[in-house]
Amino acid sequence: MSETPKNPPASTEDTSAVVAPTAGPVSHWLQQQGFEHQVLEPDHVGIEQIGVDAEVLPIIAAALKSNGFDYLQCHGGYDEGPGEHLVCFYHLLAMAEQLEAMASDPSAQLREVRLKVFLSREGTPVLPSIYGLFRGADWQERETFDMYGIQFDGHPHPKRLLMPEDWKGWPLRKDYVQPDFYEMQDAY
């Protein structure tokens, strides 16, 4: 027999309602163009974040580039934790537009957006490379591969950047177990 709780709830109102994030201007533009995506909460400084599926990443990135987001400021990855997702993010800026706007108004606001792709850590996570759109993705994609094991299809030089070629594992994954010993192979 189960025990009856001694203290009844203080209120019958449901205060745990989940509020969906509000779509920003870039999300509205993507919706108007017919691109499916996930609206995410803005980051701590208010930058709009958008979740996209891996297979449509290059299409959405190309659409955003045609809409003025011509500069890949940063690309990287992070691990949400064991059993959770690996995440790749792409921070895009409308740089040419900003330079023009600042010529007439120094207080002009920079348009920026961050795309996020959530990947399963099981097997080999794969994303299409955006190197063809943004040349700056070259070493950034290589670093993300090197540290998290996310492969980028279509990358022109997919190999480790920071770790030795024969290194086992992905050092920035939260479930990574550091080896007790590493014997450097003859590199020459």
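## A walk through the sheet and its neighbours

In the hairpin of β3 and β4, six residues lie between the strands, and one residue, G81, takes a positive phi near 130°. The model described here is a predicted one. The hairpin is a convenient place to start, and the rest of the structure can be read outwards from there.

The two strands joined by this hairpin are β3, residues 71–79, and β4, residues 86–93. Strands of a sheet pair through backbone hydrogen bonds, either parallel or antiparallel. For β3 and β4 the sense is antiparallel, and the pairing extends over eight bridges. Two positions show how the strands face each other. D79 stands opposite L86 in β4. G77 has C88 as its bridge partner in β4.

These two strands belong to a wider sheet. Five strands make up this open sheet, in the order β1-β2-β5-β4-β3, with mixed pairing. Which strands stand at the edges? They are β1 (38–40) and β3; each has a single partner strand, so one side of each is left without a neighbour in the sheet. On average, neighbouring strands of this sheet are turned by 25° against each other, direction ignored.

Helices lie across the sheet strands. Helix α1, residues 25–32, lies across β1, β2 (48–51) and β5 (112–119), and runs at about 40° to β2. Helix α4, residues 137–148, lies across β3 and β4 and runs at about 0° to β3.

The side chains come next, beginning with the aromatic rings. A pair of aromatic rings is described by the distance of the centres and the angle of the planes. How many aromatic pairs does the structure hold? There are two aromatic pairs. One of them is formed by Y78 and F89; their centres are 6.4 Å apart, their planes are at 35°, and the pair is tilted. The pair links distant parts of the chain, with Y78 in β3 and F89 in β4, eleven residues apart. Is each ring's residue buried or exposed? Y78 has a relative accessible area of 29%, so it counts as partly exposed. F89 has a relative accessible area of 17% and is therefore buried, as the limit for buried is under 20%.

Rings also have charged groups over them. The charged end of K65 sits over the ring of F134, 4.9 Å from the ring centre. The charged end of R142 likewise sits over the ring of W139, at 5.9 Å from the centre of that ring.

Cysteines can be treated briefly. The structure holds zero disulfides. C74 has 30% relative accessibility and counts as partly exposed, whereas C88, the bridge partner of G77, has 0% and counts as buried.

Finally, the chain as a whole. The protein chain has four helices and seven strands. Along the sequence they follow the pattern α-β-β-α-β-β-α-β-β-α-β. Of its 188 residues, 35% count as buried. Among contacts in the protein chain with a separation of 6 or more, 56% are between residues 24 or more positions apart.

Methods. Residues numbered from 1 in each chain as written. Predicted model: local features only at pLDDT ≥ 70, side-chain atom pairs only at ≥ 80, totals over all residues. Heavy atoms only, no water. Phe/Tyr/Trp six-rings, centres within 6.5 Å; stacked < 30°, edge-to-face > 60°. Buried < 20%, exposed > 50% of the residue type's maximum accessible area, 1.4 Å probe, protein only. Lys NZ or Arg CZ within 6 Å of the ring centre and 35° of its normal. Disulfide = S-S within 2.5 Å. Pairing = 2+ DSSP bridges. Axes fitted to C-alpha atoms, helices over the stretch in contact; angles between N-to-C directions. Contact = heavy atoms within 4.5 Å.
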